[in-house]
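Subject: Structure handover

Hello,

Here is the structure I promised. Please open it alongside this note, and my findings follow below.

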Amino acid sequence: MALPPYIPAETFFADPEFSGASISPDGTRLAYLAPMHGRTNVWVRGIDEDHADAECVTHDARRGIKTYYWTDDPRWLLYLQDTDGNEDWHLYRVDLQAPEQPAVDLTPMDPGSRVTGVQLLTSRPGSVLISANPRPLTFDAFRIDIATGEMTLHRKNPDPKSTLFFGPAGEVFSASLADDREWEFHAVDETGATRLITRWPGAEHPMGVSPMRVTPDGKSLLIGGCLDSDDMLLLRVDVETGEVTTFAAMEGHSLCILGEVSPTVPPTLFLSRRTGAVLAARFVAGRPEIVPVDPYFAEVYEALSKLSDGVLASVSSDESEQRWVATFIHDREPGLTYLYDHGTGESRLLFRPYPRLNPDHLAPMRPVGLRARDGLPLHGYLTLPTGVEPRGLPLVLKVHGGPWLHDSWGYDPQVQFFANGGYAVLQVNFRGSSGYGKRHITSAIGEMAGAMHDDLIDAANWAVERGFADPKRLGIYGGSYGGYSALVGVTFTPDYFAAAVDYVGISNLANFMRTLPSFVRQQLANSWHRYVGDPDAPAQEADMLARSPITKVDEIRTPLLVVQGANDVRVVQAEADNIVAALRERGVLVEYLVAEDEGHGFQNPENLITMFHAIERHFGTHLGGRTAATRTKEQQA
């Protein structure tokens, strides 16, 4: 047995050759993302044309575009872009009749302001509704005339702690954080006056309630919640009476809200382009499960499911809902994208996003389950390198961010990079992760650097006890909260890991909260304040510092690599600078990478490649995995 051919970081972390495809409302064109100028840009082509006939309609050479929108006018296309990862998102307009012209910024706001929601206004063709904060602390609703660029206040947000969301005819509703930390849902009229519809528990919604949708008739809200269940359901709330009923559920499983957190991951809800109604919902399982709620889409979904042995990631249709573009999740053959005609039953493959990757050379991602030391069920994924006996391997414990997110089955270039290097890769959805019910998420309250870290150690011990991992060659790697976990690993359990990588991670919980953007700090009651503490309360700050790696930096003796984006507005560079400075003052060797054109997580391929070259060397030196240098020896042998 032998490992598959060595695959370099340049292959894993290059932009996909194709991604993000969707069909135009009239069904005549495709839009998608593909490289140009060294960055992902938006391309448009006829439905029956190929890439050689396509036209690149955006021209960003600084940072790749990830999110775009068709409009109800075939002339215009919209997209979001920030500056070097600072998350100050602006909405831009492209003229598809003159795509060589520079895009127009429809939201020319001051630095620190951003667009957070974009929705076509069906009652006013040619208009779009956005949420934005020209008032720095408050997100108001604005209506933009796409053709003229005129931006008009649609509804002033009555409460800085409120999030506005919209119905298809421009109806406005708000989710507000009450003084008792419950969530209140209101209807907001033209004057800004509010009417309470219902109240929602706060503890199981640390990132806010997700999803929040308005039905096409404007008479109901569709909201994620647990009701009397431990699992998160999709619930319908009558706008007039507040009556709550179940809209979509899957016994023993929770709604997956990852798609509500980031537009670049598979959506929580599939929506009808024709009516705006919810067609299906995504639930968390070993492999994600799609639950159709619309009878017609159930037929479409059954046909689409025959195209791939993966899981449906995203779909778009023309307004007749006959032609569909579908993309699939898969652990080894990701992003396959098909055009399907429901009228004829015909389909054809449009894209393989990663043609340079051979699925046979990639490693299967296997769902696993175990129990924490206190009996809490834990779910995760184990990816074992192919071509070698899965015994006594070096292991990378990869910790997700959030912490209120979760790992899911599918292609992860980082996981595959490690597996190709000969590492077992373990991902565990520790307590506090979303997707596993109310008990699982709320059991993390007060447990950072406590039971949350114990869950990670218990998972690694599980891999060791079953013979997969060598206890002397355990590494830990993660970003954001996962970076904090890596630092906790080398400070609170300093003899457990043989190497660690902190990627945009928190070193001081109190400083982290104090340096978040001002509009974010108003929304911390159910997240960081409830789960960790309030740095303005002295006793709570003392406890936070006791759970902060910076306080125990003298314990670090594990080889450490620290990676940071200079424009990170969530975990500011000081979090990395301070831990590195403290180690260097002690004469402890620590490698430190800072990317000047990145924020909270790297996006530009050249920075990702540099980062993973460093990680490859770091783990190769201290855990014994493959590196570019060992590849040369393999070739010589």
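Which residues are buried in H4? They are Gln 414, Val 415, Gln 416, Phe 417, Phe 418, Ala 419 and Asn 420. Keep in mind that this is a predicted model.

**Helix H4**

That makes seven of the eight residues of H4 buried, so the helix is largely enclosed by the rest of the structure. Buried here means under 20% relative accessible area. Look at the start of H4 next. There, a side-chain oxygen of Asp 412 comes to within 2.8 Å of the backbone nitrogen of Gln 414. At the other end, H4 is followed by Gly 422. The phi of Gly 422 is positive, near 95°.

**Cavities**

How many cavities of 30 Å³ or more does a search of the whole structure find? The search finds six.

H4 leads straight to one of them. The second largest cavity has a volume of about 70 Å³. Helix H4 (413-420) and helix H13 (605-623) each give at least two residues to its lining. From the chain start come Tyr 6 and Ile 7. Phe 417, Phe 418, Asn 420, Gly 421 and Tyr 423 also line the second largest cavity. The lining is completed by Ile 615, Glu 616, Phe 619 and Arg 626. By class, that is seven nonpolar, two polar and two charged residues. Note that Phe 417, Phe 418 and Asn 420 are among the buried residues of H4 and also belong to this lining.

The largest cavity has a volume of about 140 Å³. Its lining has 17 residues. Which of them lie nearest the centre of the largest cavity? They are Glu 204, Met 232, Ser 434, Gly 435 and Ile 441. The lining splits into eight nonpolar, seven polar and two charged residues.

**A pocket**

The second largest pocket has a volume of about 300 Å³. It is lined by 20 residues. Nearest its centre are Gly 252, Pro 377, His 379, Gly 435 and Tyr 436. Three elements give two or more residues to this lining: strand E28 (365-371), strand E29 (377-383) and helix H5 (438-442). The largest share, four residues, comes from E29. The classes are eight nonpolar, nine polar and three charged. Gly 435 deserves a click: it lies among the residues nearest the centre of this pocket, and Gly 435 is also listed among those nearest the centre of the largest cavity.

**The sheet at E1**

Now to a sheet. Four strands form an open sheet in the order E1-E2-E3-E4, with antiparallel pairing. Its edge strands are E1 and strand E4 (55-56), and each pairs on one side only. E1 pairs with strand E2 (residues 29-36) over three bridges, in the antiparallel sense. Ser 22 stands opposite Ala 31 in E2.

Ser 19 lies in strand E1 (residues 19-23). Is Ser 19 buried or exposed? Neither: Ser 19 counts as partly exposed because its relative accessibility is 22%. Beyond its neighbours within four places in sequence, Ser 19 contacts Tyr 32 and Leu 33. For a long-range reference, take Ser 19 and Gly 402, which are 383 residues apart along the chain. Their C-alpha atoms are separated by 25 Å.

Best wishes

Notes. Residues numbered from 1 in each chain as written. Predicted model: local features only at pLDDT ≥ 70, side-chain atom pairs only at ≥ 80, totals over all residues. Heavy atoms only, no water. 1 Å grid on protein atoms, 1.4 Å probe; cavity = no way out; pocket = protein on both sides within 12 Å on 5 of 7 lines; lining within 4 Å. Points joined across faces, edges and corners; volume = space filled by probe spheres on them. Nonpolar A, V, L, I, M, F, W, Y, C, P; charged D, E, K, R; others polar. Buried < 20%, exposed > 50% of the residue type's maximum accessible area, 1.4 Å probe, protein only. Polar contact = N/O pair within 3.5 Å; in protein donor to acceptor, adjacent residues only side chain to side chain. Contact = heavy atoms within 4.5 Å. Pairing = 2+ DSSP bridges.
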